[in-house]
Amino acid sequence: MEKSQSRHWLFCPVCQNKTRTMLREDTTLQNFPLYCPKCRQETIINVQNNKITVIKEPDAVTQSR
C-alpha cells in the first residue's frame, strides 16, 4: 500500500493568491515557470523540501545603434 502524500496549493510570490498548481511534500522543481491566473504574471521558481525560491531574471537589454 502506498503511503499517503500531503499536497498543498502553490501560492503566487507576487500577489499571494492561489495558483492552479499543487505540490506534494516530495516535489522538487527547478527553473519552473509558475503562472498566476490572477495577476497574469509568470515567475521562475525553484522548490525543494517545500521551500520556494524565486529566481530573479535579468532585465532584457536593448541594443542601441
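This report walks through a few residues of the structure above: a threonine, some cysteines, a surface patch and two asparagines.

Please keep in mind that this is a predicted model, in which local features need pLDDT of at least 70 and side-chain atom pairs count only at pLDDT 80 or more, while totals for chains, interfaces and linings use all residues. Residues are numbered from 1 along each chain as its sequence is written, and side-chain values use heavy atoms, with hydrogens and water left out.

**T19 and its surroundings**

Let us begin with T19, which is found in strand β2; strands here are DSSP runs of E with at least two residues, numbered from the N terminus. T19 counts as buried because its relative accessibility is 3% (buried means under 20% relative accessible area, exposed over 50%, and partly exposed in between, with a 1.4 Å probe and protein chains only). Leaving aside residues up to four places away in sequence, T19 touches W9, L10, F11, C12, L34, Y35, C36 and P37, where contact means heavy atoms within 4.5 Å. For Y35, 16 residues away along the chain, the C-alpha atom is separated from that of T19 by 7.3 Å.

The side chain of T19 also makes polar contacts, listed below. Such a contact is a pair of N or O atoms within 3.5 Å; within protein, one must be able to donate a hydrogen and the other to accept it, and residues adjacent in sequence count only if both atoms are side-chain atoms.

| Side chain | Partner atom | Distance |
|---|---|---|
| T19 | backbone oxygen of L10 | 2.6 Å |
| T19 | backbone nitrogen of T21 | 3.4 Å |

**Cysteines**

How many disulfides does a search of the whole structure find? The search finds zero, a disulfide being a pair of cysteine sulfur atoms within 2.5 Å. C36 is in no disulfide, and its nearest cysteine sulfur, that of C15, is 3.6 Å away. C39 is in no disulfide either; for C39 the nearest cysteine sulfur is that of C36, 3.7 Å away. C36 is buried at 1% relative accessibility, whereas C39 is partly exposed at 24%.

**M22 and two asparagines**

M22 sits in strand β2 (residues 18–24) and is partly exposed, with a relative accessible area of 33%.

Finally, two asparagines have a positive phi although neither is a glycine. For N31, in strand β3 (residues 29–35), phi is about 55 degrees. N49 has a phi of about 55 degrees and is found in the loop between β4 (42–48) and β5 (51–54). N49 is exposed, with a relative accessible area of 67%.

Methods: Helices (H or I, at least four residues) and strands (E, at least two) are DSSP runs, numbered from the N terminus.
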